[in-house]
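Me: I'm new to reading structures, and the labels confuse me. Can we go through some of them together?

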Amino acid sequence: MIAFQQMSVAVGKGFVRDRAALFFSFLLPLFFLVLFAILFGAMEGSENTLEPIQYIAPGILSFGIAMSAVTASALTLVTWRQNGLLRRLRLTPVNPFTILTSRFAVTVVVAVLQAALFLGVAFLPFFGLRLESTWWMAIPLFLIGVLSFFSLGILIGSLFRTEQSASAAANLIVLPLGFLSGTFFPLDFAPSWMDTVSLASPLRHMNDGMLALLVRGEGPEALLVPCGVLLLFTLVTTGLAGYFITRGEQ
Amino acid sequence: MNREDDGVNAVVVEALTKAYGGKTVVDGVSLTVREGEFFGLLGPNGAGKTTTMEMMEGLRKADSGSVSLLGSSPQPRNTALLPRIGVQLQASAFFERLTAHEQLVTFAALYGASTDRVDDTLELVGLTEHSHVREDKLSGGQRQRLSIACALVHDPELLFLDEPTASLDPQARRNLWDVLRGIKERGKTIVYTTHYIEEAERLCDRIAILDHGRVVAMDTPGALVGGLGTAMSMELPEGVLGVDELLSLPGVDDVRTEGDRIRITASDSNAVMRALTDRGAAGRLRTRDASLEDVFLELTGREYRS
């Protein structure tokens, strides 16, 4: 337990002292919020039944969390492999599962703080976001979503050797996922193939569930499919990452 | 390697072999390190020191041969054994952006050890004043010392240090020698690699000289040098006395021209000194004690180049 705690503290301190990571995690989603609020504000009167802010806020939030969770976990793995810390950790009695869960704990704390800051800003009268009273039911979905992004990051980290290539790969994967998943514009406008392809994206399911609970006022049954798909996604990516990491060691 | 004299063995390595892509890097290394001993693996770059060390630590799997640390095998990963050993790898591995103090607190926790020894360990490696400096702001020598501290903070019995003094300036190396001696005084067994001959000679109780993946010699520094037969290496500038005349002197075994100097190998250096004094040439003579470099030359036929 002490190993888990101190690993989490160590990774957390490392994150807080990394200005670039702080910027990408906390300020970038807010820039997107402002940008899209202005953009969609100008398009008011479209046939969409939701106010634009109601639609874009949950999507941008999920996207921002995906971006930072994937990048941070991929970079941790690559950095630790590069600087030798991973080998050094193998010579401590600590369990690999403890290392993974402590890293995940930091990702969850960061994601919760991101959500709190983001929603706090989105509630301001200028944006005027309103959440349904059932919003808290989205918490399990939120956590499973973070888990799926974390495992995607670990998979990327297991495949790339340098920080540059891993962070480029994280961007190249998450950014298109954002477009595919209805983050920046509703998929109703998109060609039907895009809608089909997006079913493979964890972000799509996180968006669907978040929209349903946060702003559409649907019941918890709307979470079943998104949560199931995200768990499946996590299992597959974790399995692949485990395979590549073990193979890399030999 | 008499087992009877100094009691218990901390490390027993038998016939370790490792090849990469058909090239044999470690070729049948056997050695024994006694408890409390400061043991040096000395050899030029590429001799197989690090590979040997990492097989001892359990980080690499040997193709054949066996390793026993404190009576148990490090392979497969042995979490009961790991807290009893401390390891410094060749590349300093730290948690990003943490201070020296925070690194040690984290490493102590990874070993399930208390943090009581953190300040003491920082003092032992001379980093007390830098305890709140982040790892990326430390100098090369300070990083090496922090790396050693990370290996020590859980109070292991056996310590593996891989090239702790490499790429340090002379002053930083000397500081580190004091740190290493201080660790030995606390009764730890230390196995360390180096390519600095005179450093191994000063620090180690016993040395194994590695070349091309084989142990070419293993003993105390004194015994290795003493085994040469020549206690002293003597040199004269060329032109003072002819080679033939030198060869005819009493006590001289061999004479070789090296550049603009003549190197004299003698079993009885006193007799040579007297003979040279009679001929008025003693003032031009340069002598130095025979060293491990001479041992390496004798054993491998090559000059030692680290």
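**Where the labels come from**

Reply: Happy to! In chain B, 66% of the contacts between residues at least 6 apart in sequence join residues at least 24 apart; two residues are in contact if their C-beta atoms, placed from the backbone, lie within 7 Å. This is a predicted model, where local features need pLDDT of at least 70, side-chain atom pairs count only at pLDDT 80 or more, and totals for chains, interfaces and linings use all residues. Residues are numbered from 1 along each chain as its sequence is written, while chains are lettered from A and ligands numbered from 1 in the order in which they are written.

Me: What makes B:Ser267 count as partly exposed?

Reply: B:Ser267 has 13 C-beta neighbours inside 10 Å. A residue is buried with 20 or more other C-beta atoms within 10 Å of its own, exposed with 12 or fewer, and partly exposed in between, so with 13 B:Ser267 gets the in-between label. You'll find B:Ser267 in the loop between strand E12 (261-266) and helix H9 (269-278) of chain B. Those names are DSSP runs numbered from the N terminus: helices (H or I) have at least four residues and strands (E) at least two.

Me: And how many of chain B's residues are buried, as a percentage?

Reply: Buried residues are 42% of the 306 in chain B.

Me: Why are H4(B) and H5(B) called roughly parallel?

Reply: Helix H4 (residues 140-152) and helix H5 (residues 170-185), both of chain B, pack at an angle of about 15°, and their axes are 10 Å apart. That angle makes H4(B) roughly parallel to H5(B), because the label covers angles under 35 degrees (over 145 is roughly antiparallel, 65 to 115 roughly perpendicular and the rest oblique). Axes here are lines fitted to C-alpha atoms, for helices over the stretch in contact, with angles from 0 to 180 degrees between N-to-C directions.

Me: Which residues meet there?

Reply: From H4(B), B:Gly141, B:Gln144, B:Arg145, B:Ile148 and B:Leu152 meet B:Ala172, B:Asn175, B:Leu176, B:Val179 and B:Ile183 in H5(B).

Me: Which residues touch the most other members of the largest nonpolar core?

Reply: Among its 139 residues, they are A:Ala66, A:Ala69, A:Val70, B:Leu104, B:Ala149, B:Ile190 and B:Val191. Helix H3 (residues 52-82) of chain A gives the largest share, 18 residues. A nonpolar core is a set of buried Ala, Val, Leu, Ile, Met, Phe, Trp, Tyr and Cys residues joined through C-beta atoms within 7 Å.
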